[in-house]
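Good morning, and thank you for making time for this presentation. I would like to take the group through the ligand site and then through some backbone features.

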Amino acid sequence: MSSVILSYILFALAIATGLTSVRVIAGNGKKRKIDYAIISTCICSSWWSFFWAMLFAQTDPEIAWLMRAIGMLGVFAFLISVTYIVVFWSGLEGIRKKCILGFSLLAILVYPLNVQRAGSKFYMTDFGMSYEFESGLGSNLYSIYCIGIIICLVLALMYMRKNSVRRRERVLSMELLLCTGVVAFGSVLDTIMPTFGFTAFPGSTLAQSIGALVLFEAYTYYNKSQITLSNISKFIYYSVDEPILLFDEKEKLCIVNNGAAVFLEKTPEECCKLEINDIFDLNSNIFRLKGDKNQIEARCVLNQSICSLSIDKIYDEFHEIMGYIIIVHDMTERIQTMHQLEEEKMKADQANQAKSRFLANMSHEIRTPINAVMGMNEIVLRESEEAETVEYARHIQDASKTLLALINDILDFSKIESGMMEVVEEAYSVRSLFTNLYTEIQIKTEDKGLYLNFEIPEDLPTILCGDEVRIRQVLMNILSNASKYTQKGGVTLTVTWKNVGEKQIELQVAVEDTGIGIKEENMDKLFGAFDRVDEERVHTIEGTGLGLSIVQRLLELMHGGITVESEYGKGSVFTVTFRQKVINPAPIGILMEKAGNQKKHEKYVPSFRAPEGKVLVVDDNKVNLTVIKGLLRKTGMQITCVERGQDCLEMTKKEHYHIILLDHMMPEMDGIETLEKLKADESNLCKDSAVIALTANAIAGMRDMYLEKGFTDYISKPVEGVVLEKILKQYLPEELVKGTEES
Ligand code: ADP
């Protein structure tokens, strides 16, 4: 009877350990080495208990022996698994680890000797089937092996206790020691005692099952201390500053993190009494939204902040809703900053518009009187026979040119600053670029008694494509500076070039002077806007400190660059580099022989005469009319002047004019409106005549604007006599244009 009870107990333990292994197998996540070791230990334990239960239930000694022989497979496998687990947890390494694991594997040798039929005696007792070993190699080796394993485990655990820093590892080692102790005690009863002739009692079998369950306990404890999503999510939840609200499936708030309690200014308990609508101002039930993830904006009624809510549905393993997670992002500050930025941007845009308006006005207002000064002065220069008057007029001319250059610089600078400056690429003649530059700068160098050399390679391509106006402006600026800041010696411009890809060249233009030079410490201030360096030396020389700043920015726009080398007191070299497309690669040949002998202050001769050419000039400013009339006097053209757009329309109905010079800004009817009306009137005699905008409005993009409005061409004030003649000659019927006696 008692053997039956023992068998039942062993069966029960076999089932318990078997189920434990199934639990680990069915556990979530990827299996680790330790999981496999626990699974194997529990299976072996179950196997061991099962066959020992069978053994004690037998009446036939032969079958009982067979049961023990099969059960012993589980015993050895169990001992090996336990040794692996303990060595793994103890952190033993190197030779000690190898020795212990190696010793446990000796089971392969011990097992066949231990299960020999010859050395064991199976018989019925009062407790049922039992056995004894005859003292021999097999039973002795097995006892030694068991004692050896126990010693190994105790050593490994002592090592672990000694070296563990953390308390949780010490607790683990205690549990394992306990397990080993139980197994050691049990093995005295059925392994050691039968060797000395005592009847076996399945002590180690019972003990190992308990040991296996203790091991599982230790394993659960070990897992708790590992970083896994389930272990750590609690810490994450509470440590995140963003408010997180957890609602159950009945939409009741059940958990809040610290972030949420701080945000809602309530204790977690108070928070959990709230409904979602007590917290947020919502139009609809956000838990009924479609999809598993939603994002909505809502105002928090408790603290008035504007929030973005991330709503996530959580499901159980049957895919039924378990609850909802709401993560609250407080957007108040961000929205306020955005509003502020928008406001700032609006203000900046308004200021920019005001600046542009101011520039347009300034350009217009200053250019109109300069036009009068320069125009009248040009007439004086042309017509005066008195040397002294001519001399005074030349001074007026120089001063007004400087004033105009200054206005142009300020306008250019503002254009660049507001991003309105654009690079317009067109084909241009390299020859005319350099000859014009030479001619213009020569006037300045000659005045100061400086030499001027242009060294242009003969193989430089004839026609290039780029923004000629801006390139001229850059080079003119550097050449003017070179002549401005040089008192003796002179200026040399040297061009070098190289191919950089198909139909593209890189030009390097170096302007060298023998002037005052620049101090080392001033080099990096050169390109700052309004920065003039070495003030005490240059203050007598005209300048604003804008030129080089404009040059640098223009070159940046053209993807080029500028470098400076200078020796204080000896001179400077400014080198600009930029790329241009090649339109005609034919070499320009020798260039400078033709240029250079520009006669200064030549007596004025009109470029053409056209006594039958009829021109109508429309401008509300009487002085401007006088200027234009005076400038064109020697061409012999018939010039009619009117002051209002309305007068222009009336005159053109009665008379045909070949060209109309039409001012833009006029009171009552401006130039654009006048042109529109003129073109719209079928009966107007000047419907097909060239209408040229004549305007002081000279900021960027104006030319395109006038052409778009229907003007034939555009002249900006102040009008230069030469430019005016050139443009009129272009639009007059060819048969009316005659050469002059002098030309
Ligand atoms: P500015 O209108 O004063 O000439 P720039 O921007 O063209 O303005 O030049 C800035 C400063 O750089 C000048 O004031 C001058 O001190 C210095 N500088 C420019 N070019 C030269 C040069 N070739 N030699 C000596 N100093 C120069």
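Helices and strands here are DSSP runs numbered from the N terminus, a helix having at least four residues and a strand at least two. With that convention, Pro718 is found in the loop that joins strand E20 (713–716) to helix H23 (721–731). Please bear in mind throughout that this is a predicted model. The peptide bond leading from Lys717 into Pro718 is cis, its omega being near 0°. As general background, most peptide bonds are trans.

Let me turn to the ligand. Which residues come nearest to the ligand? Among the 21 residues around it, those are Asn481, Tyr485, Arg532, Thr544 and Leu548. In terms of character, the shell consists of 10 nonpolar, 7 polar and 4 charged residues.

Where do these residues sit in the fold? Helix H16 (468–484), helix H18 (547–557) and strand E15 (571–587) each contribute at least two residues to the shell. Of the elements, H16 gives the most, namely 3 residues.

The polar contacts deserve attention individually. Tyr485 places a polar side-chain atom 2.8 Å from an oxygen atom of the ligand. For Asp513, the partner is a nitrogen atom of the ligand, and a polar side-chain atom of Asp513 lies 2.9 Å from it. Gly547 takes part through its backbone: an N or O atom there is 3.3 Å from an oxygen atom of the ligand. How much of the ligand's accessible area does the protein cover? On its own the ligand has 530 Å² of accessible area, and the protein covers 98% of that.

I shall finish with two residues whose phi values merit comment. Most residues other than glycine have a negative phi. His319, which is not a glycine, has a positive phi near 60°. His319 belongs to the loop between strand E7 (306–315) and strand E8 (321–330). Is His319 buried or exposed? Its relative accessibility is 55%, and the cut-off for exposed is over 50%, so His319 counts as exposed.

The second residue is Lys503, again not a glycine, with a positive phi of about 55°. Lys503 is located in the loop between strand E12 (490–499) and strand E13 (504–513). Because its relative accessibility is 59%, Lys503 also counts as exposed.

To recapitulate the ligand site, side-chain atoms of Tyr485 and Asp513 and a backbone atom of Gly547 approach the ligand at the distances I quoted. Thank you for your attention.

Methods: Residues numbered from 1 in each chain as written. Predicted model: local features only at pLDDT ≥ 70, side-chain atom pairs only at ≥ 80, totals over all residues. Heavy atoms only, no water. Near = heavy atom within 4 Å. Polar contact = N/O pair within 3.5 Å; in protein donor to acceptor, adjacent residues only side chain to side chain. Areas by Shrake-Rupley, 256 points an atom, 1.4 Å probe, with all protein chains shown as cover. Nonpolar A, V, L, I, M, F, W, Y, C, P; charged D, E, K, R; others polar. Buried < 20%, exposed > 50% of the residue type's maximum accessible area, 1.4 Å probe, protein only.
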